Amino acid sequence: MTAVGIDAIEIWTGKLKLDLAETFAPAQGDDPGKYTKGLGLHASSFPDVYEDIVTMGANAAYRLMDRKGLEPDDIGRIDVATESSFDNSKPVSTYIAGCLEQVFDDDFHHANKGERKFACISGTQSVDDAYNWIRAGRNRDRAAIVIATDTALYARDDPGEATQGAGAVAMLIDEEPAIVELSTEQGYGSADETDFLKPNQQFPSVDGKRSVKVYLARMREALDDFATVSGSIHPDDYHMIPFHTPFPGMVRKAAALGYRHIVRGTDVEDVLAEEIGHQPVRETFDSEEAFNDAIREYTDALTETERYRDWYNQAIEPTLEISRHVGNWYTGSVHLARASGLKVAMEQDIDLAGEKLLVASYGSGAQAEVHAETIVPGWEDEIAALDIDDQIQRRYDLSFEEYEEIHDVHNHAMDAHVEEDAEELTPPEAEFAFDGWGRMGERKYRYVE
Ligand code: HMG
């Protein structure tokens, strides 16, 4: 069977930066450690006044096509995953195709375009759609572009404010991929939940503490479901585990729960037992509360063991590096985690060809999905083409007053003049930029040389 998977990746970060320790924490009267140590975040990316989900997505897609020497005729499908859409009918992918048609000689009229919604997990669902389309033989030798693009903004003073972010990840899904081969091994954990939602509103209604619990519960179900397809899961089977990363502290919790869950009843648990005892068993406790206390105690001890730390430093830590500096990108977040892990491995000269990734996606509302991927030879050449470190470095560092203004500029409930009067903080150069409103309320874009 021909391999199908991710052939190329491009990342575009919002061009502004909010430093959480230096700028946000003092303005909130908080200890910077809450953000840098507790949440594990140093900064968030924000869009400049001329940036939005379309410009960031189009910029990432254009760079991807340009670098791979692709023309519109090579692309049969453009899927956008976002939870920041501004139109209930016209998909963002049509705007992005319109942008790309400004810079290519040909058009995308032949390409199927869509928009996927299921909170943060829709980026992964779009990759799945593209995979299935190619596997079904409907692609006529064409590749798919999947773009996960979001401006993950919260209402001012919401507890989620520190986890904001903005950026896009574009992925080329094709046969004989150059980065990872996807597989049919998948597991799901899905339930009707009200932890994070946007009922016809721009900023989310969030029950933050509950959302953390729901993330963990669905992830556990997804792991169980995955095991029914893959057989037993052993931590050594996967070189890295990129998780959906709303903030690295969330992944710290998910990794501990996941590890504890998959080593239960294995040789690893037996070895660990010599140091910290066996995992608590529900039937041996009188109450749920006592069992939960024992589980918490065991997990704390587990995360202090050398064996766990070694595993965490290899499988998890590298996947968090980019996220620490850009915040939550919703649909793009897990794909950023994969790119981050591969980038760190490339910098450390680790040979990953043939190694497996276990990718753990999540979307509020809520659904977790776990799937296996295999890294293919030559992956490091593709990852070396990423310039995300330079982009992160080049961002304009916002003062708190400028942050407040930028938040207003991107707040749809503000008067239009806030957006019109706003001054850009970085000059647009060789990129798509927002160019005002059309007669039917549509957004317009132009390519700035
Ligand atoms: P909070 O309640 O303000 O923060 O917001 P906190 O008081 O819980 O502190 C956070 C952590 O920092 C805690 O660590 C503190 O102990 C620690 P933990 O106990 O959890 O391990 N801390 C410190 N550490 C060191 N030095 C200090 C210090 N102070 C405190 N001085 C909350 C946290 C997650 C609720 C908030 O950020 C929030 O509401 N975020 C938005 C929702 C979210 O991201 N949920 C994550 C799961 S749901 C998800 O991932 C889906 C999502 O991406 C959306 C989608 O799918 O579309 C959000």
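A polar contact is a pair of N or O atoms within 3.5 Å, and that is the cut-off to keep in mind for the ligand views. Everything shown here belongs to a predicted model.

**View A. Polar contacts of the ligand with G33, K34 and K209.**
Let's start with the lysines. An oxygen atom of the ligand lies 2.4 Å from an N or O atom in the side chain of K209. For K34, the side chain again provides the N or O atom, and the distance to an oxygen atom of the ligand is 2.8 Å. At G33 the partner is a polar backbone atom, 3.5 Å from a nitrogen atom of the ligand. On its own, the ligand has 1,100 Å² of accessible area, and the protein covers 74% of that.

**View B. The shell of residues around the ligand.**
There are 28 residues around the ligand, and those that come nearest are K34, E83, C120, K209 and K253. By character, the shell holds 12 nonpolar, 10 polar and six charged residues. Which elements each supply at least two residues of this shell? They are the helices α2 (33–39), α6 (208–230) and α7 (248–263), together with strand β11 (356–363). Helix α2 gives the largest share, with five residues.

**View C. The open sheet of three strands.**
Here the strand order is β3-β2-β13, and the pairing is mixed. The edges belong to β3 (43–46) and β13 (396–397), each of which pairs on one side only. Strand β2 (residues 16–19) runs antiparallel to β3, and four bridges join the two. To find your bearings, look for D19, which stands opposite A43 in β3. Helix α1 (residues 20–28) packs on this sheet, where α1 touches β2 and β3. The direction of α1 makes about 60 degrees with that of β2.

**View D. The open sheet of eight strands.**
Follow the order β5-β4-β6-β7-β1-β8-β12-β11, again with mixed pairing. Why do β5 (112–116) and β11 each have one side without a neighbour in the sheet? Both stand at the edges with a single partner strand, so one side of each is left free of a neighbour there. From one strand to the next, the twist averages 25 degrees. Further in, β1 (residues 4–13) and β8 (residues 180–190) pair in the antiparallel sense over two bridges. I6 is a handy landmark, standing opposite V180 in β8.

**View E. Helix α6 on the eight-stranded sheet.**
Helix α6 lies across β8, β11 and β12 (367–375), and runs at about 120 degrees to β8. This view links back to the ligand, as α6 and β11 are among the elements that each supply at least two residues of its shell.

**View F. Backbone geometry in two loops.**
Most residues other than glycine have a negative phi, and most peptide bonds are trans. Two spots deserve a friendly second look. A cis peptide bond joins G365 and A366, with omega at about 5 degrees. A366 sits in the loop between β11 and β12. The other spot is A119, a residue other than glycine whose phi is positive, near 40 degrees. A119 lies in the loop between β5 and α5 (122–135).

Notes:
Residues are numbered from 1 along each chain as its sequence is written. This is a predicted model: local features need pLDDT of at least 70, side-chain atom pairs count only at pLDDT 80 or more; totals for chains, interfaces and linings use all residues. Side-chain values use heavy atoms; hydrogens and water are left out. A residue is near a molecule or strand if one of its heavy atoms lies within 4 Å of it. A polar contact is a pair of N or O atoms within 3.5 Å; within protein, one must be able to donate a hydrogen and the other to accept it, and residues adjacent in sequence count only if both atoms are side-chain atoms. Accessible areas come from the Shrake-Rupley method with a 1.4 Å probe; for residues, only the protein chains shown count as cover. Ala, Val, Leu, Ile, Met, Phe, Trp, Tyr, Cys and Pro count as nonpolar, Asp, Glu, Lys and Arg as charged, and the others, Gly among them, as polar. Two strands pair if DSSP finds at least two bridges between them. Contact means heavy atoms within 4.5 Å. Axes are lines fitted to C-alpha atoms, for helices over the stretch in contact, and angles run from 0 to 180 degrees between N-to-C directions.
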